[in-house]
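Today I sat down to look at aromatic rings and their surroundings. Here are my notes, in the order I looked things up.

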Amino acid sequence: MAEAGEGAEELKRTPLEDLHRSLGAKLGPFAGWRMPIEYEGALAEHRSVRDRVGLFDLTHLGKVEVTGPGALGMLQRMVTNDLSRSAVGEAQYNLVLNEGGGVIEDLIVYRLGQERFFVVPNASNAPRVLRMLEEEKADEPLHLIYHQDWCFLAVQGPRAVDVVTGLFPEAAELTFMRCVETEYHRRPVIVTRSGYTGEVGFELFTYQDIAEALWEELLDAVRRAGGAPCGLAARDVLRLEMGYPLYGQDLFEASTAFEAGLGWAVAIDKGEFRGREALIRQRDEGLPSLLRGLRMRERRHIPRAHYPVFVGDQLVGEVTSGTFSPELGTGIALAYVWPGDVVELGQEVEVDIRGRRGAATVVKPPFVDRSPR
């Protein structure tokens, strides 16, 4: 899960690293950080989240606050979705595009006030997103705060509500993609009903000086609920079972928001934003590729990134993310394929797995029906 060129001496570290080590975590490089990859193992941690509850440290993700009269207008020109439709206390999935409509980043924007937004980009792109925010023109004054001293924890699974509401009773009123500001040890905490696993879950942002105490109290509650700490390896399997794309793996600048199947996050009629004209042209002219799901027919065939996809002798696509799904007992993948008469939903294709072909069916994710509740 390491990115090319990452050296141990260059990695940023979560303030909770000592706690992770004491729990026996296997730490490794991820997006410029040293993060817990697994504790007892990805399979056990996956099962914990699907059946009970798991606790994740996601401090590597970016955390940027944008406030002031110019905040909404500036963000509207930068992201694809329509933030004006978000009420205070709501979160919204968004994309940042280049002028050709290619995906620079996907991120969540939380509206904490009429003129106050909290932006959470991926770790590898956080500096770039911050730079873009600084460079984007604003019609009115605004202020940016990059919260490098904040931690980000996630509680995911069917028993997450019991765990989180035991510490934060106000979280019981939250529905999916809603958030609330509260306190822990008299320090601010943002609690949001969200996650990237497909399960009921919460994500919590707070200052690192109380993050250790919060982690330990949450972990105690998670264990009493039959759960466990979980690493990024399990999270990757969980998100792929839901068909959630990962930036740098399934999302990149060479493919547009429409090709990635994320048109639902594009408010094309809201007004100008970067990449809009290119998307309008592509909408009218047709898509050169489309991100689809592949479900392997045999348990022994596990697809991986960059494996080619064929129909007969014709190359029709390439896998971007692939793994074995413990929930389904078979391999699954996301792949960019060429639409039209060549590849359609329900069609049988073959994935070249190190020189051997494995049969797969083209499907529309999610692979596992675990819609947030």
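I started with the term I would need: a residue counts as buried when its relative accessible area is under 20%. I also kept in mind that this is a predicted model.

Entry 1, burial. I looked up Phe205 and found a relative accessible area of 0%, so Phe205 is buried. Phe118 also came out buried, at 0%.

Entry 2, the Phe pair. I checked how these two rings meet: the centres of Phe118 and Phe205 are 5.0 Å apart with the planes at 80 degrees, so I wrote the pair down as edge-to-face. Phe118 belongs to strand β8 (residues 116–120) and Phe205 to strand β13 (residues 201–207), so this pair ties together parts 87 residues apart in sequence.

Entry 3, the cluster. Which residues join Phe118 and Phe205 in one aromatic cluster? I listed Tyr110, Trp150, Phe152 and Tyr207. Next to that I noted Arg187, which lies over the face of Tyr207 at 4.2 Å from the ring centre.

Entry 4, the wider count. I found 10 aromatic pairs in the structure. One of them is Tyr93 with Trp264, stacked at 5.2 Å centre to centre and 25 degrees between the planes. This pair links distant parts of the chain, 171 residues apart: Tyr93 sits in strand β6 (residues 90–97), Trp264 in the loop between α7 (232–241) and α8 (276–285). Buried or exposed, I asked of Tyr93? Tyr93 is buried at 12% relative accessibility, whereas Trp264 is exposed at 59%.

Entry 5, one more charge. I saw the charged end of Arg357 over the ring of Phe310, 4.1 Å from its centre.

How values were computed:
Residues numbered from 1 in each chain as written. Predicted model: local features only at pLDDT ≥ 70, side-chain atom pairs only at ≥ 80, totals over all residues. Heavy atoms only, no water. Phe/Tyr/Trp six-rings, centres within 6.5 Å; stacked < 30°, edge-to-face > 60°. Helix = DSSP H or I, 4+ residues; strand = E, 2+ residues; numbered from the N terminus. Buried < 20%, exposed > 50% of the residue type's maximum accessible area, 1.4 Å probe, protein only. Lys NZ or Arg CZ within 6 Å of the ring centre and 35° of its normal.
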